[in-house]
Amino acid sequence: MVTDGSQTMTKTGQPLVQMEGIYRSFVKDRQVIPVLQDINLEVGENEILCLVGESGCGKTTTGKIIAGLLEPSRGVMRVADRAIGDYRGREKALLRRQLQIVHQDPFASLNPAHTIGDILSFPLKRHRMTEGGAALKRRIWELLTMVDLTPPGDMVNKYPHQLSGGQRQRVSIARALTVQPRLIVADEAVSMVDVSIRITLLKMLLRLRQELGLTIVFITHDLALAKYFAWEGRIAVMYLGRIVEIGRTPDVIAHPAHPYTRALLAAVPEADPELTRHKQTIALRSDDIPRLTDIPPGCAFHPRCPFFAAGTCDAHTPHLKAAPGWDQQVACLLVQQGAL
Ligand code: SF4
């Protein structure tokens with residue numbers, strides 16, 4: 001049951017979000033573009049789940065569906081054990097509040113004409129999260145402190161252009177927190193800030209997750225970042241609209257099962273000794289990513305896969321499932337047959 005304020009949405013241990021057989025397509029120039037295919041995914045309460053993959057793999061579309069910004073074309077999306085379509089009226093409004101997204105570009109998502117105080121006060125007022133001017137000011141001070149924008153008195157009258165990229169992203173996160181969300185989708189949320197401050201932003205998100213009991217869906221193209229951020233969570237690797245591997249982060253990093261995950265790991269720069277230790281040299285058959293309008297038959301990775309088996313990989317579509325000898329679920333026919 002969805003409730004207001006700080007109460008939980010589900011019984012402890014129940015998945016907060018369940019995606020069942022989700023498909024999503026867009027139409028462009030009269031052509032149907034299948035962006036997501038057969039996504040089955042659960043996100044637990046207080047969990048960190050990283051969606052990793054190259055651009056165009058469908059991770060942002062998945063994040064937008066989780067945050068309620070997009071509807072699936074087919075399939076069922078459940079929150080707190082109820083299909084999204086079953087939420088009505090006040091419950092639907094509460095649900096919207098509790099699923100928030102932080103975008104990649106804080107400069108584009110913050111209104112340049114508004115001060116930081118205005119940016120935070122609008123959702124607080126609109127959703128009646130505080131009562132009276134003094135409580136509103138207290139809450140804005142509290143939110144700025146939570147995201148380490150201190151002293152709040154120095155920040156509240158500034159405009160977005162007067163802040164650094166990292167500070168702007170902290171404002172975006174504070175704005176998402178105004179409505180007391182249960183889940184935040186962080187879509188490439190640190191990729192536009194300097195490398196030197198990425199880690200402090202990630203540490204802050206981890207602290208907020210701990211303090212507020214947040215569930216975080218973290219979207220990134222960077223496996224090294226996913227490893228750092230979601231070491232206690234799970235990684236789902238996506239390729240051309242499908243999840244091809246999902247499992248606990250240490251399992252995926254130490255023993256990547258899917259050839260595509262192995263290739264991603266092989267492409268991580270040498271600076272991370274943990275990742276380097278588990279690296280294999282993978283020579284892809286092709287560097288070209290097929291177009292979504294022309295997805296290869298069978299396994300969509302087969303034109304690039306170094307382990308391609310003719311007659312198998314181009315004839316049958318692998319579905320995500322447990323594979324013998326592996327702790328994670330994998331969508332690879334040869335791994336599932338124990339041949340890899
Ligand atoms: Fe490679 Fe075949 Fe596995 Fe696809 S099914 S990842 S082509 S080995």
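In this predicted model, Y239, Y260 and F301 come together as one aromatic cluster. The cluster is a handy place to begin a tour of the aromatic side chains, as the structure holds four aromatic pairs. A pair of aromatic rings is described by the distance of the centres and the angle of the planes. For Y260 and F301, the ring centres are 5.4 Å apart and the planes stand at 70°, so this pair is edge-to-face, the angle being over the 60 degrees required for that label.

The positions of the two residues along the chain are worth following as well. Y260 belongs to helix α11 (residues 259–266), whereas F301 is found in the loop between α12 (273–277) and β11 (321–322); the pair therefore ties together parts that are 41 residues apart in sequence. Y260 and F301 are both buried.

F301 also leads to the ligand, since F301 is among the residues that surround it. The rest of this shell consists of H258, P259, C299, H302, C305, F307, C313, C332, L333 and L334. By character, the shell residues divide into nine nonpolar and two polar, with no charged residue. The space that the ligand takes up is the largest cavity.

Charged side chains do meet aromatic rings elsewhere in the model, as two examples show. The charged end of R82 sits over the ring of Y87, at 4.3 Å from the ring centre. K137, in turn, lies over the face of W141, 4.9 Å from the centre of that ring.

Note on methods:
Residues numbered from 1 in each chain as written. Predicted model: local features only at pLDDT ≥ 70, side-chain atom pairs only at ≥ 80, totals over all residues. Heavy atoms only, no water. Phe/Tyr/Trp six-rings, centres within 6.5 Å; stacked < 30°, edge-to-face > 60°. Helix = DSSP H or I, 4+ residues; strand = E, 2+ residues; numbered from the N terminus. Buried < 20%, exposed > 50% of the residue type's maximum accessible area, 1.4 Å probe, protein only. Lys NZ or Arg CZ within 6 Å of the ring centre and 35° of its normal. Near = heavy atom within 4 Å. 1 Å grid on protein atoms, 1.4 Å probe; cavity = no way out; pocket = protein on both sides within 12 Å on 5 of 7 lines; lining within 4 Å. Sits in = over half its atoms within 2 Å of the grid points. Nonpolar A, V, L, I, M, F, W, Y, C, P; charged D, E, K, R; others polar.
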